[in-house]
Amino acid sequence: MVWNKLGLLYKPVNIHPKLKTHAANPLPIHLHDDVFRIYFSGRDRTDRSSVGYVDINIITQDIIRTCSEPLLTHGEAGSYYSHGISIGNIYTSHGKDYILFMGWQIDKGEHWRGDVGRIQLIDKDTMVIDPEPFIGVDSVDEVSLSYPWVEANDDGSFDMWYGSTISWNSENGEMIHVLNHATSENGEEWDRHGLSVPYEVNLAQAFSKPTVLCTPSDYKMWFSYRSGTGEKYRIGYATSADKKNWILDLANSGITIGPEGAWDGEMVCYPYVFQHNTETYMLYNGNGNGKTGFGLAKLEVE
């Protein structure tokens, strides 16, 4: 399995004071033909993130339209998303379209932390955010939560994979932030089942932004990870037969950093895998956690 990189799809520009830099966490929705609206998290001058978008023909790579202002901005001081919105994926529940996100907050003198919030997508130009966290810390996730991916099942139930912090510091100084699993019968109440993807200190211990592809034979997951040995984010890979228990297979992610000096020459992160016509694509970020924009790759099965 190899991801054929098709190049940098969108390079951020200073659109608005709340979208001055970055285009992180790209999330595509199909508009028509080969045109997708790609939502992203941009940042202001103090690194607080809000949600913008760009409409792109992914075949020709032509930019059709760029937003002039954010669809959603980070919250007020004291809110669970006061320092940013990092979007996950889109799913439908009870006829409504939702996007779950990581809401960032930094209390004075404290370490940053996150909760999972929920956005309702009313239409492609209108988003409404829940004022309270959708999923917060509890006895399973005691420290901080991040980047959820929700998968709807044919029977109306749901699976979710999301980030959960075990510790901000381990023996090598890197945090231990893992991918946990939760299920729901109705999309509202969630049962948390704890660790889903195995981690290993000095190999893969700082995970984020899972994206899941369901195939007739198994389930495939790509995600960002750091080893704790000094290198920046890479994109990892895992497989599962049952969606609950995953086998780590980092060597077969099919994608790595670009050449020195490239927009993705230092890191690759925040993947989003989706299908269009008969092809499978990945949107992903490069250097600076999305500061250089997002690129597109196409899956080539050997």
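How much space lies in the largest pocket? The answer is about 460 Å³, and that pocket makes a good starting point for a walk through this structure. Please keep in mind along the way that the model is a predicted one.

Let's look at the walls first. The largest pocket is lined by 23 residues, and if you want to find its centre on screen, look for R43, S86, W104, Y147 and Y270, which lie nearest to that point. Four elements give two or more residues to this lining: strand 2 (21–32), strand 3 (35–43), strand 7 (96–105) and strand 10 (145–152). Sorted by class, the lining of the largest pocket holds 10 polar residues, nine nonpolar ones and four charged ones.

Now move on to the second largest pocket, which holds about 280 Å³ of space. Here 15 residues form the lining, and W149, Y272, V273, F274 and Q275 are the closest to the centre. At least two lining residues come from each of strand 6 (84–93), strand 10, strand 14 (206–214) and strand 18 (269–276). Which strand gives the largest share of this lining? That is strand 18, with four residues. The lining of the second largest pocket divides into 12 nonpolar residues, two polar and one charged.

With the pockets in view, let's turn to the sheets. As a reminder, strands of a sheet pair through backbone hydrogen bonds, in either a parallel or an antiparallel way.

Strand 2 and strand 3, which you met at the largest pocket, belong to an open sheet of four strands, arranged in the order 2-3-4-5 with antiparallel pairing. Why is one side of strand 2 and of strand 5 (63–66) left without a neighbour in the sheet? Both stand at the edges and have a single partner strand each, so nothing in the sheet flanks their other side. From one strand to the next, the twist averages 25°. Inside this sheet, strand 3 pairs with strand 4 (residues 49–57) over nine bridges, in the antiparallel sense. To see the two strands facing each other, find Y39, which stands opposite Y53 in strand 4.

Strand 18, familiar from the second largest pocket, leads to another open sheet of four strands, with the order 1-20-19-18 and antiparallel pairing. Its edges are strand 1 (2–10) and strand 18; each has a single partner strand, so each has one side without a neighbour in the sheet. On average, neighbouring strands of this sheet are turned by 25° against each other, direction ignored. Strand 1 runs antiparallel to strand 20 (residues 294–300), and seven bridges pair them. Y10 is a handy marker here, since F294 in strand 20 stands opposite Y10.

One more stretch of strands is worth a visit. Strand 7, one of the elements at the largest pocket, is joined by nine bridges to strand 8 (residues 113–123), and the two run antiparallel. Within this pair, D97 stands opposite L121 in strand 8. Next comes strand 9 (residues 126–129), which runs antiparallel to strand 8 and is joined to it by four bridges. How many residues lie between strand 8 and strand 9 in the hairpin they form? There are two residues between them. D123 and T126 in strand 9 stand opposite each other.

Note on methods:
Residues numbered from 1 in each chain as written. Predicted model: local features only at pLDDT ≥ 70, side-chain atom pairs only at ≥ 80, totals over all residues. Heavy atoms only, no water. 1 Å grid on protein atoms, 1.4 Å probe; cavity = no way out; pocket = protein on both sides within 12 Å on 5 of 7 lines; lining within 4 Å. Points joined across faces, edges and corners; volume = space filled by probe spheres on them. Nonpolar A, V, L, I, M, F, W, Y, C, P; charged D, E, K, R; others polar. Pairing = 2+ DSSP bridges. Axes fitted to C-alpha atoms, helices over the stretch in contact; angles between N-to-C directions.
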